[in-house]
Amino acid sequence: MLSIGDFSKVSQVSRKTLRYYDEIDLLKPSFTDLKSGYRYYEVGQLETILLIKRLKEYLFTLDEIKLVLESEQDQELLQTKINQKKQKLTQKMQEYSLLLTRLVDDLSTLEGGNKLMSYLNEIEVKLSEVPEMNLLFIRKQMNVQDYGKYAGELFAKVGAENLTPTAPPMSIYHSPDFDPENSDIEIAVPIAEKTDQTRILLKSLCAFSRYEGSYSELASVYSKLIKWIEEQGYKVKAAPFEIYQTDPAVTAPEKNIVDVYFPVEI
């Protein structure tokens, strides 16, 4: 067996961390001397601590690692968990790639002697009359992270009932403020058929802007629209909505196209 010091040296995991893993029952020593309190590990436990280190590198939580270990390293479970981490890391890499691109663009703007927020001047706003639409919809108080789940339910209903979409899907934001954990959001698909599950969105005059890029930058479009509405002497009449011209499931984030509308009146 190896003393905790030797085990720490070989595995390159601190004694403090090994003691903590013992306390939380993640990796317990093979033997603990009751008189001295010294911990001893079997050589075979080196493989376990290396697995723990590897999974931590993959951003597994300690609870997730414990689940893997308690399942006696079930290979199917481990494969599933690692695949989930792969998907999350891939998404993060895409987000950081977009962030780096924006950062480089901002540096170029500053080096050219322009203000950092001068890009707002490039956002075009105009008036657009949106026609009446018959909407199949789901409206809920939701965490924005659950948006995909409800959108999936809505699209599945369109397919299951052989309904006929007449325009791209949309979202209507009814909340008076922004609360990502509890927002009043209506997800809708304009369809031809009128049923007891549809409603009419009335024709309206809107301030409109088309945006191409990551959804994380939509706040800039909203800000420009509100400024334009005020400058032009209009008032916001109803909840803003977005119409999605591309499917984010199959479109690169920087290629997303979304139309943003604010119903207005004089």
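User: Let's fix a term first: buried means under 20% relative accessible area, exposed over 50%, and partly exposed in between (1.4 Å probe, protein chains only). Which are the buried residues of helix α4 (residues 62-70)?

Analyst: It's a predicted model, where local features need pLDDT of at least 70, side-chain atom pairs count only at pLDDT 80 or more, and totals for chains, interfaces and linings use all residues. Residues are numbered from 1 along each chain as its sequence is written, and side-chain values use heavy atoms, with hydrogens and water left out. Helices (H or I, at least four residues) and strands (E, at least two) are DSSP runs, numbered from the N terminus. In α4, the buried residues are I65, V68 and L69.

User: Seen down the axis of α4, within what arc do its buried residues fall?

Analyst: We're talking about I65, V68 and L69. They line one face of the helix because they all fall within a limited arc, that of the directions from the helix axis to the C-beta atoms. The arc is 95°.

User: Which helices do the buried residues of α4 pack against?

Analyst: Turn to the other side of α4 and you find D63 and E70, both exposed. The buried residues have partners, counting contact as heavy atoms within 4.5 Å. Those partners are α3 (45-57) and α5 (75-111).

User: Which residues is L26 in contact with, leaving aside its neighbours within four places in sequence?

Analyst: L26 sits in the loop between α2 and β2 (31-32). Despite the loop setting, L26 counts as buried, because its relative accessibility is 7%. Neighbours within four places aside, its contacts are Y21, I52, L62, I65, K66 and L69.

User: Helix α1 (residues 4-11) and α3: at what angle do they pack?

Analyst: Side chains first: F7, V10 and S11 in α1 meet Q45, L46, I49 and K53 in α3. The axes, lines fitted to C-alpha atoms over the stretch in contact, are 11 Å apart. The two helices are therefore oblique to each other, at an angle of about 50°.

User: What arc do the buried residues of α1 cover around the axis?

Analyst: The buried set in α1 is I4, G5, F7, S8 and S11. They're on the same side of α1 because of the arc they cover, which is only 165°.

User: And which exposed residues does the face of α1 turned away from its buried side carry?

Analyst: The buried residues of α1 pack against β1 (2-3), α2, β3 (39-41) and α3. The face turned away from them carries the exposed K9 and V10.

User: What is phi of Q12 near?

Analyst: Q12 follows α1, in the loop between α1 and α2 (15-23). It is exposed, since its relative accessible area is 66%. Most residues other than glycine have a negative phi. Q12 has a positive one, near 60°.

User: Where does N162 lie?

Analyst: N162 also has a positive phi, near 55°. With a relative accessible area of 64%, N162 is exposed. Its place is the loop between α6 (147-160) and β6 (170-173).

User: Which residue's backbone oxygen does the side chain of S183 reach?

Analyst: S183 is in strand β7 (residues 183-190), and it's buried, with a relative accessible area of 7%. Beyond four places in sequence, it is in contact with K140, Q141, M142, V144 and S175. At 2.5 Å, its side chain reaches the backbone oxygen of D179.

How values were computed
A polar contact is a pair of N or O atoms within 3.5 Å; within protein, one must be able to donate a hydrogen and the other to accept it, and residues adjacent in sequence count only if both atoms are side-chain atoms. Axes are lines fitted to C-alpha atoms, for helices over the stretch in contact, and angles run from 0 to 180 degrees between N-to-C directions. Angles under 35 degrees count as roughly parallel, over 145 as roughly antiparallel, 65 to 115 as roughly perpendicular and the rest as oblique.
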